[in-house]
Amino acid sequence: MNTGRMMILAFSLVMALSACGKKGEQPTPAPAGTPAPTASQGEAESGTTLQLTAEQAKYAKLQSAEVAEREMMAPIEATGRVTLNEDRTIRVGSFIDGKVLKVRAKVGDRVREGQVLAEIHTHDVHEAGANLAQARAGLTQARTRASFARTSLERAERLFQSKALSKQDLDRAQVERDSMEQEVVHAEAELERAKGHLELLGLDPETLNYDASVVIRAPGGGVIMQREVTPGSSVNPGDSLFTISDLSQVWVMAEVEEKRLSELRPGAPVEV
């Protein structure tokens with residue numbers, strides 16, 4: 001009997017508390033100036049659509065427009081990297097084989113055109129000097145023979161005028177003179193070639209020092225981006241020594257997906 005009364009009392013207490021809670025709840029106030037929802041709005045919210053009055057659409061900052069076809073700019077996002085401008089980049093290579101004596105530039109240095117980058121000892125200097133000496137000797141000999149051939153021709157002409165020499169011997173003297181003059185032309189060309197080789201090495205043919213080193217100079221101005229030699233290292237023709245770039249302009253290489261390449265157009269704006 002006592003147990004039944006306690007259960008009824010507990011149930012009555014729960015119902016009372018529940019009623020008090022519902023009675024004390026207050027609806028959340030709407031923002032100031034917002035029109036109260038209409039009956040039709042409430043009914044629409046319970047379905048799958050939401051209807052707003054013109055005033056409510058104004059507060060919601062909604063805009064409407066007629067459906068129509070138009071061209072739209074769809075941005076293409078791609079990862080990329082900043083690289084050197086190849087049109088403003090110089091790769092300095094070795095045109096000789098030898099041993100690096102000194103390196104006068106390091107990565108990050110700003111250099112000007114003609115500035116010394118490195119010094120290389122090479123046997124090409126000795127070889128070029130020997131070729132120069134040989135070419136000079138050859139030219140001297142050719143000029144001596146040509147002078148003798150001209151003198152012989154003059155004597156042959158005098159003898160021919162005095163009927164003391166045949167026409168055949170005169171012609172032979174003329175051919176010999178012409179041949180010797182051609183040898184002089186060839187010897188002069190060989191001498192110029194030998195001088196050009198030394199000038200390519202950066203050496204003066206007139207004041208040649210066989211112990212001189214070859215100086216590598218910057219072909220243009222810019223910043224040293226790479227240095228691939230150290231003192232004591234050996235180099236061969238074609239080896240890369242330095243990379244110099246003008247960083248006032250650089251390239252940005254974007255890696256666009258292949259399926260979107262057809263969307264690219266020359267002159268399209270790009271943001272980096």
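This report describes salt bridges, strand pairing, a nonpolar surface patch and two backbone angles in a predicted model.

**Salt bridges**

The structure holds 16 salt bridges, and three of these contacts are set out in the table below.

| Pair | Closest N to O distance | Relative accessibility of the two residues |
|---|---|---|
| D246 and R88 | 2.9 Å | D246 23%, R88 33% |
| R143 and E188 | 3.5 Å | R143 45%, E188 33% |
| R177 and D178 | 2.9 Å | R177 23%, D178 38% |

Between D246 and R88, the closest nitrogen and oxygen atoms are 2.9 Å apart. Because D246 sits in the loop between β9 (240–245) and β10 (250–255), while R88 sits in the loop between β1 (79–84) and β2 (89–93), this salt bridge ties together parts that are 158 residues apart in sequence. With a relative accessibility of 23%, D246 counts as partly exposed, and R88, at 33%, also counts as partly exposed.

A salt bridge with an N to O distance of 3.5 Å joins the side chains of R143 and E188. Since R143 belongs to helix α4 (residues 124–161) and E188 to helix α5 (residues 167–200), the contact ties together parts that are 45 residues apart in sequence. R143 is partly exposed, its relative accessible area being 45%, and E188 counts as partly exposed at 33% relative accessibility.

The third tabulated pair consists of R177 and D178, for which the closest N and O atoms lie 2.9 Å apart. R177 counts as partly exposed at 23% relative accessibility, and D178, with a relative accessible area of 38%, is partly exposed as well. In addition to these pairs, R136, K195 and E206 are joined into one network by salt bridges that share partners.

**Strand pairing**

Strand β7 (residues 222–227) takes part in two pairings described here, one with β4 and one with β9. Strand β4 (residues 110–111) runs antiparallel to β7, and the two are paired over two bridges; within this arrangement, V111 stands opposite G222 in β7. The pairing of β7 with β9 is likewise in the antiparallel sense and extends over four bridges, with R227 standing opposite F242 in β9.

**A nonpolar surface patch**

A nonpolar patch on the surface is formed by V82, M225, L247, V250, V252, V270 and V272, which together have about 670 Å² of accessible area. One of these residues, V250, is found in strand β10, where V250 is partly exposed with a relative accessible area of 42%.

**Positive phi angles**

Which residue in the loop between α4 and α5 has a positive phi although it is not a glycine? The residue is K163, whose phi is about 65° and which lies in that loop. K163 is exposed, with a relative accessible area of 78%.

A positive phi in a residue other than glycine is also found at K61, where the angle is near 60°. K61 is located in the loop between α3 (54–60) and β1, and at 74% relative accessibility K61 counts as exposed, because that value is over 50%.

How values were computed
Residues are numbered from 1 along each chain as its sequence is written. This is a predicted model: local features need pLDDT of at least 70, side-chain atom pairs count only at pLDDT 80 or more; totals for chains, interfaces and linings use all residues. Side-chain values use heavy atoms; hydrogens and water are left out. A salt bridge is a side-chain nitrogen of Lys or Arg within 4 Å of a carboxyl oxygen of Asp or Glu. Buried means under 20% relative accessible area, exposed over 50%, partly exposed in between (1.4 Å probe, protein chains only). Patches are made of residues with over 30% relative accessible area and no salt bridge: like charges are joined within 9 Å, nonpolar side chains (Val, Leu, Ile, Met, Phe, Trp, Tyr) within 5 Å. Accessible areas come from the Shrake-Rupley method with a 1.4 Å probe; for residues, only the protein chains shown count as cover. Two strands pair if DSSP finds at least two bridges between them.
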